[in-house]
Amino acid sequence: MAEVLVLVDHVDGEIKKTTYELLTAAKALGSPSAVVVGGAGAADKLADGLTEHGADKIYAAETDSTDFLAPEVAVLESLIGSAAGVLISASANGKEVAGRLAVRTGSGLLSDVVGVTGDGVQHSIFGGAYTAEAKANTEHPVITVRPGAIDIEASAGAGARESVEVPAASGRQATVTGREPIQGGSRPELTEATVIVSGGRGVGSAEDFTVVEGLADSLGAAVGASRAAVDSGYYPPQFQVGQTGKSVSPQLYIALGISGAIQHRAGMQTSKTIVAVNKDEEAPIFEVADFGIVGDLFKVAPQLQDEVTKRKG
Amino acid sequence: MKIVTLVKQVADTYSERKLSDSDHTLDREGTEAVIDEINERAVEQALLLKEAAGDGEVVVVCMGPDRASDAIRKALSMGADSAVHLSDEAIHGSCAVQTARALTKLIGTVEGWDLVIAGNSASDGQVAAVPAMVADLLGVPALTWANELSVSGSTVTVKRETDDGVTHLSAELPAVVSVGEKSNEPRYPSFKGIMAAKKKPVNNLDLAGAGIDGSEVGLANALVSVTSSAPKPPKQAGEKVTDEGDGGAKIAEYLVGQKLI
Ligand SMILES: Cc1cc2nc3c(=O)[nH]c(=O)nc-3n(C[C@H](O)[C@H](O)[C@H](O)COP(=O)(O)OP(=O)(O)OC[C@H]3O[C@@H](n4cnc5c(N)ncnc54)[C@H](O)[C@@H]3O)c2cc1C
């Protein structure tokens, strides 16, 4: 069975869940080979998890290069010849590695897919308004997979280790001069959360976002924000949901003081259940809400939080 | 400093976007076309750099149908100096790799540029990597998702901001930069700017003019194909109740009913 390369997504020795989603998806196409590009010993730390999730082979490419994303591209380029395809997480970095790899190797680029089969891939576009199927017309397509789209199935692979060289970068590269990782905090990640509570301009201030956070914490939820809330400085940009923010699809999405502009809906309308609280009964968010309360979020959200806490207690 | 900015005309995100039934490409007839908002930020960034340097030139590069000239006008009225526009029926349906290759050729028609500035992600695709792909083809560094950018001497540095956090990048010019949504607030064209834009030079090219062979672009030669597409039925609105002091409790009841809490 032909091997399928999976670029391992990891930060500071920790695996990202999306890697296991990629390994699951890779099994539909062939034999998964995990490619770890990182500092000395990076692969050792991740090997067990990768094997448990289906990696038949683990390529360890160790490097201390400060070239930005160039080692990842170069390693995948050196391995792609015998592969049936390459799977990469559709993160900002992953999309960039994928694009650069595709132009170098003349491979079809299938971006941000939500499903992979032997016949092709599935896309969900315009914020879930359309579904489309696509295929590559070249050998070894490069595919980026939307985080959270694939349900992880753990089934162990052979996990054979192999060290590979990191070829020298071709062309001039950007140099990484510093990094400041995001402090995750105790709440779940937006794209991984099963429940999300989001606040909009209606929350009115950064201080009052504690109302959104309070409800979120009672539900074990992630906190999101509309672009208006981000632009007004109420909440940091990495929490923005929508067209130019994150696309999320949780079991439950609660929108507080969000009008439901088309660009916000583009990032959340595929959520399983949507609940909205807005004092304007004409707000378009109600068009996609399964349950809506026309009212003041500052009255409704704390009451809901109390009810949730009561039921848990 | 000579700066190239990449500009794309897209379907307005405020309008309902559709795919055509026949070839699964964007149905441009049914939608309002505008300059992609992120490209206004790319143009703004170029203008800020030019103003800071005290001199320089900003050249808009655009690939797209004739009506994309509106997007070009907008960029010129903001203050860009000139434009190159590749418009040819044959590019319809080009995939990301073909687009990056064609843009690279198009950028090649601009002589002596120092910096290419693009938007980080178009609102009508999900590739979000074309600037990096172009950089790779040009053999220059890619500094992408920049929310802050500065040029000092021949060095460009950016603060890259993504879900993974902040990465500080630096490189020597020439280079490609893509800007993020929080990079700047684009200016509104002034009346003077709008009038001046009418007289600014636009180099209108077809494929041959840009030195691109017909086999390198277009739906029929694309490296990937969309085989089918279908609109999803829109979500139906559910129940809506007015809060009478028990709104929070009502939601809790609903969530219990749905087995969500
Ligand atoms: C290219 C482009 C990309 C965009 N990308 C995004 C994106 O990724 N994400 C995004 O969110 N937006 C995006 N937008 C912006 C979008 O068009 C809207 O401007 C934005 O979503 C509005 O945010 P909002 O609903 O919080 O604010 P508003 O539209 O101002 O709505 C605030 C709502 O709060 C309600 N309210 C006020 N006080 C209370 C209260 N006490 N209790 C209950 N309700 C109250 C009001 O009735 C109102 O409906 C984008 C726009 C463009 C052009």
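User: What separation lies between the C-alpha centres of domain 1 of chain A and domain 2 of chain A?
Analyst: In this predicted model, the two centres lie 32 Å apart. Domain 1 of chain A spans 3-163, and domain 2 spans 190-312.

User: What makes domain 1 of chain A and domain 2 of chain A count as in contact?
Analyst: Contact means heavy atoms within 4.5 Å. Seven residues of domain 1 of chain A are in contact with six residues of domain 2 of chain A. Together the two domains bury about 470 Å², with 50% of it on carbon and sulfur atoms. On the domain 1 side, A:Lys17, A:Gly127 and A:Pro147 supply 64% of the area buried against domain 2 of chain A.

User: Where does the ligand lie?
Analyst: Between chains A and B. Of the 28 residues around it, A:Arg201, A:Ser226, A:Ser259, A:Gln263 and A:Asn278 come nearest.

User: Why is the pair formed by A:Gln263 and the ligand called a polar contact?
Analyst: The cut-off for a pair of N or O atoms is 3.5 Å. A side-chain N or O atom of A:Gln263 is 2.7 Å from an oxygen atom of the ligand, so the pair qualifies.

User: How do you know that B:Tyr14 qualifies too?
Analyst: Its side-chain N or O atom is 3.4 Å from a ligand oxygen atom. That is within 3.5 Å, so this is a polar contact.

User: How much of the ligand does the protein bury?
Analyst: The protein buries 84% of the 990 Å² that the ligand exposes when taken alone.

User: How do the shell residues divide into nonpolar, polar and charged?
Analyst: Seven are nonpolar, 15 polar and six charged.

Key:
Residues numbered from 1 in each chain as written. Chains lettered and ligands numbered in written order. Predicted model: local features only at pLDDT ≥ 70, side-chain atom pairs only at ≥ 80, totals over all residues. Heavy atoms only, no water. Near = heavy atom within 4 Å. Polar contact = N/O pair within 3.5 Å; in protein donor to acceptor, adjacent residues only side chain to side chain. Areas by Shrake-Rupley, 256 points an atom, 1.4 Å probe, with all protein chains shown as cover. Nonpolar A, V, L, I, M, F, W, Y, C, P; charged D, E, K, R; others polar. Domains from an automatic or database assignment. Buried area = accessible area lost by both parts, 1.4 Å probe.
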